[in-house]
Amino acid sequence: MAKKLHYFHLNGLAESIRYILHYAGEKFEDIRYAQADWPIKSVKDSLPYGQLPLYEENGKSLNQSLAIARYVASKNNLLPTDPWEQALLDAVVFNVYDFWSKAKVILFEQDPTKKAELKKQVLEEVVPFYLSRFEKELKAGNGFFGGKLTWADFIFVGIIETANLFYGESIEKKYPTVVALVKKIQTLPGVKEYIATRKPYTV
Ligand SMILES: N[C@@H](CCC(=O)N[C@@H](CS)C(=O)NCC(=O)O)C(=O)O
């Protein structure tokens, strides 16, 4: 039965899932909705909580980006079996999402002056606070959050790339271990080929 991933033509909360699926060599239908057309009533009304991403497999569906990423990762050896190690990585992904919840404030600000102020504040305070900690964790894990490649690394890179798209710069440039992980994920087999054919994202 076909697997399907529904999201916008955007990295956002779905790119890490796409990366995991491409790295695992899983065939899936990558269904993308144009943000300019959203809300598409028929689609939105069909979603359990009215939001994307949504993953379908064997006639079943799953919402929540982290639940989807964790599920596809677990089927592809990207989740440790030890419960403590799993919990540590869960903490990483929640820390990454906490970072994004603070960085994404600029997306909702329409006033250009206020937007510029928010952007400055995030770049000067939120980014150093979180990225210095992520850098430290990565250094301790030989370049990965859990000592080897896991779903947490994919989630992290998906969010860094999304932040870079919306901030128009490489927010990780001062953090060499983060830069290295981004590069590692982007050049994984399957991911590299996907990126080479991906249409550019715009905001
Ligand atoms: N906690 C949810 C958040 C989902 C979410 O915020 N989706 C946004 C896109 S990133 C969405 O569907 N926005 C359109 C809408 O709410 O109509 C997840 O991680 O999947």
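This text walks through the two domains of a predicted model and then its ligand site. Local features need pLDDT of at least 70, side-chain atom pairs count only at pLDDT 80 or more, and totals for chains, interfaces and linings use all residues. Residues are numbered from 1 along each chain as its sequence is written, and side-chain values use heavy atoms, with hydrogens and water left out.

Start with the protein chain. Its assignment gives domain 1 (4–77 + 189–197) and domain 2 (83–186); such bounds come from an automatic or database domain assignment. The C-alpha centres of the two domains lie 20 Å apart. Domain 1 gives 17 residues to the contact and domain 2 gives 19, where contact means heavy atoms within 4.5 Å.

Now turn to the ligand. Which residues are around the ligand? They are Y7, F8, L13, W38, K44, G50, Q51, L52, P53, Q64, S65 and Y97. Each has a heavy atom within 4 Å of the ligand. This shell divides into 7 nonpolar, 4 polar and 1 charged. Here Ala, Val, Leu, Ile, Met, Phe, Trp, Tyr, Cys and Pro count as nonpolar, Asp, Glu, Lys and Arg as charged, and the others, Gly among them, as polar.

Next come polar contacts (pairs of N or O atoms within 3.5 Å). A side-chain N or O atom of K44 lies 2.6 Å from a ligand oxygen. For W38 the distance is 2.8 Å. For Q51, a polar side-chain atom is 2.9 Å from a ligand oxygen. Taken alone, the ligand exposes 510 Å², and the protein buries 71% of that (Shrake-Rupley method, 1.4 Å probe).

Terms used. Polar contact = N/O pair within 3.5 Å; in protein donor to acceptor, adjacent residues only side chain to side chain.
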